[in-house]
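Please read the following walk through this model with the coordinates open beside the text. The route goes from strand pairing to the contact between two chains.

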Amino acid sequence: MRKADIGIIILVVIIGIAGWSYTLTQTFQSGGTAHIYVDGDLYTSVNLDENQTVEVITEAGSNTLEVKDGYIDMISATCRDQLCVHMKHINKQGESIVCLPFRVHVEIEADQEVEVDAISN
Amino acid sequence: MPYQTDAQNFGKPYSPKKLVLMALFVAVALVLSYIERLIPLNFAIPGVKLGLANVVTCIALYTFRPKDTLLIVLVRIFLVGIFIGSATSFLYSFAGGTLSFIGMLITLRLLKKYVSAIGVSVVGAFLHNLGQVIVLGIITSSLSVALTYFPILILTGVITGVVVGSSALLVFRYMKHFKLIQTR
């Protein structure tokens with residue numbers, strides 16, 4: 001271990017912590033709409049308030065998502081590594097689940113309808 | 001031995017010893033990539049890897065010319081892609097592998113007197129993860145997805161980088177002891 005090693009380690013840790021604190025400053029609100037994307041294009045959107053199961057079937061395979069008690073979770077996938085299935089269920093805006101082999105990803109975004117209701121109320 | 005002279009006369013002359021050593025490095029990297037798959041580090045955070053193959057890149061940088069090291073890295077990525085990877089994982093390893101190679105080379109050149117294999121491999125791990133996050137951002141075309149994974153990958157990269165660098169240092173000690181190769 002030489003001087004520059006410690007410098008490099010400290011520098012990289014600072015970059016990591018800076019990135020981490022940036023994601024922490026994003027205020028995450030729970031609820032909203034989960035948008036499911038395939039290859040970067042919107043596949044479908046689901047309301048997190050309704051319990052349901054969503055199947056995403058692509059040429060590569062299929063992913064099954066479950067919406068339950070305001071959370072959305074990947075419950076099964078036909079991919080090989082099963083990483084997305086092991087990922088935690090999500091319920092906050094800005095959180096995401098990614099299935100790399102099938103290029104499927106789920107992102108929770110603010111519910112637009114809520115805003116409309118708020119105005120009309 | 002006709003094969004030796006053939007290899008020597010084919011294109012730029014590689015000595016048989018060097019050729020065999022380079023092939024050995026590729027083979028070791030391949031095996032390490034396979035072993036890495038057997039260690040399930042990525043249960044909660046996807047994409048977290050030990051980066052064992054980086055041990056080979058690290059040692060190669062100290063042993064061969066940069067051009068030869070790049071060749072070892074590219075052949076390894078290509079073969080891993082064929083044997084145990086998919087088209088997507090090939091993209092990730094290619095982006096990560098080439099970026100980390102360039103970074104490690106620059107680190108070694110600029111800070112040769114002040115840096116050991118540990119620092120070089122931490123830079124390698126950092127850039128490898130950075131390359132993967134960039135590809136992730138491009139594939140999902142979503143900045144927020146990429147940003148979510150960035151800090152976790154970077155911080156675990158520091159730990160695995162130190163582990164990988166320390167292993168490279170240990171291997172150096174044995175290679176010098178057995179006079180297998182002279183380090184540059």
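In this predicted model, a useful place to begin is chain A, where strand β1, spanning residues 33-38, pairs with β7(A) in the antiparallel sense, the two being joined over 6 bridges. One position along this pairing can be picked out by name, since A:Val38 stands opposite A:Val104 of β7(A).

Strand β7(A) also pairs with strand β6 of chain A, residues 96-99, and this pairing, again in the antiparallel sense, runs over 4 bridges. Here A:Val104 appears once more, with A:Cys99 standing opposite it, so that A:Val104 faces A:Val38 in the one pairing and A:Cys99 in the other. The link between β6(A) and β7(A) is a hairpin with 4 residues between the two strands, and within its turn A:Arg103 has a positive phi of about 55 degrees.

How much of β7(A) is covered? Of the 6 residues in this strand, which covers 104-109, 5 are buried, and the strand is accordingly described as mostly covered.

From the strands of chain A the account turns to the contact between the chains, to which chain B gives 27 residues and chain A gives 27 residues. On the side of chain B that touches chain A, the elements that give two or more residues are α6(B), residues 117-140, and α7(B), residues 143-177. The largest share of that side, 9 residues, comes from α7(B). Sorted by class, the side of chain B that touches chain A holds 17 nonpolar and 10 polar residues, with no charged residues.

Note on methods
Residues numbered from 1 in each chain as written. Chains lettered and ligands numbered in written order. Predicted model: local features only at pLDDT ≥ 70, side-chain atom pairs only at ≥ 80, totals over all residues. Buried ≥ 20, exposed ≤ 12 C-beta atoms within 10 Å, placed from the backbone. Contact = placed C-beta atoms within 7 Å. Nonpolar A, V, L, I, M, F, W, Y, C, P; charged D, E, K, R; others polar.
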